[in-house]
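Student: Could you take one part of this model and go through it closely, giving the cut-offs behind each term as you use it?

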Amino acid sequence: MLRNGLEPWHLLIVAIVVIVLFGSKKLPDTARSLGRSMRILKSEAKALKEEGGSGAEPGEQTRSTAPADAG
């Protein structure tokens with residue numbers, strides 16, 4: 001059914017639909033905010049690697065294993 005996957009003209013149609021839906025004025029702002037989000041994500045991932053990648057702090061582990069109050 002989808003032997004060839006995405007062809008260049010498929011991507012062109014998707015780009016045209018995005019421009020029509022969001023308008024050419026909002027696209028630069030959207031791209032700028034997406035870039036900022038990617039930089040934040042990269043910096044957070046780098047900080048986690050530098051910490052040792054433990055993931056959760058000891059305080060978070062005690063909260064998740066503590067029984068819930070039944071009252």
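Tutor: What follows is a close look at helix 2 and the salt bridge in it, set against the rest of the chain.

This is a predicted model, in which local features need pLDDT of at least 70 and side-chain atom pairs count only at pLDDT 80 or more, while totals for chains, interfaces and linings use all residues. Residues are numbered from 1 along each chain as its sequence is written, and side-chain values use heavy atoms, with hydrogens and water left out.

The chain has three helices and zero strands, where helices (H or I, at least four residues) and strands (E, at least two) are DSSP runs numbered from the N terminus. Helix 2 covers residues 26-51, and its 26 residues reach 38 Å from the first C-alpha to the last, close to the 38 Å expected at 1.5 Å a residue; the expected span is 1.5 Å times one less than the number of residues in the helix. Just after helix 2 comes G52, which takes a positive phi of about 115 degrees.

Within helix 2, D29 and R32 lie three residues apart, about one turn of the helix, and their side chains meet in a salt bridge with an N to O distance of 2.8 Å. The term requires a side-chain nitrogen of Lys or Arg within 4 Å of a carboxyl oxygen of Asp or Glu, and by this rule the count comes to one salt bridge. D29 is partly exposed because its relative accessible area is 45%, and R32 is partly exposed because its value is 44%; buried means under 20% relative accessible area, exposed over 50%, and partly exposed in between, with a 1.4 Å probe and protein chains only.

Helix 1 offers a second view of the surface. The 15 residues of helix 1 reach 21 Å from first C-alpha to last, close to the 21 Å expected at 1.5 Å a residue, and helix 1 is followed by G23, whose phi is positive, near 80 degrees. L21 is found in helix 1, which spans residues 8-22, and L21 counts as exposed because its relative accessible area is 63%. Together with W9, I13, V14, V17, V18 and F22, L21 forms a nonpolar patch on the surface, with about 680 Å² of accessible area together. Patches are made of residues with over 30% relative accessible area and no salt bridge, like charges being joined within 9 Å and nonpolar side chains (Val, Leu, Ile, Met, Phe, Trp, Tyr) within 5 Å. Accessible areas come from the Shrake-Rupley method with a 1.4 Å probe, and for residues only the protein chains shown count as cover.
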